[in-house]
Amino acid sequence: MSQAKVDQNKALKANRSKIVKKKKMEYIISMTFVTIIAVAIIGWIGYSIYTKAVAYAATNATVEYTDVDTSALMEYLGGLQ
């Protein structure tokens, strides 16, 4: 190996802890930004769905009830016993 490579390896070895700390900090910062962006997108999608659901519920606020005659079913079940 040439002397330049030997000197470069010595410099890297001497500053290895600083380099590792810097890479860890860059990773933490990038993951923090990615998380913030993901939470913002998910929140925006949830809010959009919520507002559309509320608007739909407000337009269709009438409730219709239907009576069901179950007497034939009760007679059938009574006959099975």
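Asp67 sits in the loop that joins helix H2 to helix H3 (71-80); helices here are DSSP runs of H or I with at least four residues, strands are runs of E with at least two, and both are numbered from the N terminus. At 78% relative accessibility, Asp67 counts as exposed, where exposed means over 50% relative accessible area, buried under 20%, and partly exposed in between (1.4 Å probe, protein chains only). Asp67 is separated from Ser48 by 19 residues in sequence and by 36 Å in space, C-alpha to C-alpha.

A word on the model itself: it is predicted, so local features need pLDDT of at least 70 and side-chain atom pairs count only at pLDDT 80 or more, while totals for chains, interfaces and linings use all residues. Residues are numbered from 1 along each chain as its sequence is written, and side-chain values use heavy atoms, leaving out hydrogens and water.

Now for the whole protein. There are three helices and zero strands, and along the sequence they give the pattern α-α-α. The radius of gyration is 34 Å, well over the 12 Å that the globule rule gives for 81 residues, so the protein is more spread out than a compact globule. That radius is taken over C-alpha atoms, and the globule rule is 2.2 Å times the number of residues to the power 0.38. Along the principal axes, the C-alpha atoms fill a box of roughly 100 × 40 × 20 Å. Of the 81 residues, 0% count as buried.

Next, three residues of helix H2, which spans residues 16-59. Phe33 is exposed, whereas Ser17 and Ala38 are partly exposed.

| Residue | Place | Relative accessibility |
|---|---|---|
| Ser17 | helix H2 | 48% |
| Phe33 | helix H2 | 51% |
| Ala38 | helix H2 | 34% |

Distances help to picture the chain. The C-alpha atoms of Ser17 and Ala55 are 57 Å apart, with their positions 38 residues apart along the chain. Ala38 and Thr70 are 32 residues apart in sequence, and their C-alpha atoms lie 52 Å apart.

Finally, the surface. Its accessible area comes to about 8000 Å², and 66% of this belongs to carbon and sulfur atoms; areas come from the Shrake-Rupley method with a 1.4 Å probe, and for residues only the protein chains shown count as cover. Phe33 also belongs to a nonpolar surface patch of about 810 Å², made together with Met25, Tyr27, Ile28, Ile29, Met31, Val34 and Ile36. Patch residues have over 30% relative accessible area and no salt bridge, with like charges joined within 9 Å and nonpolar side chains (Val, Leu, Ile, Met, Phe, Trp, Tyr) within 5 Å. A salt bridge puts a side-chain nitrogen of Lys or Arg within 4 Å of a carboxyl oxygen of Asp or Glu.
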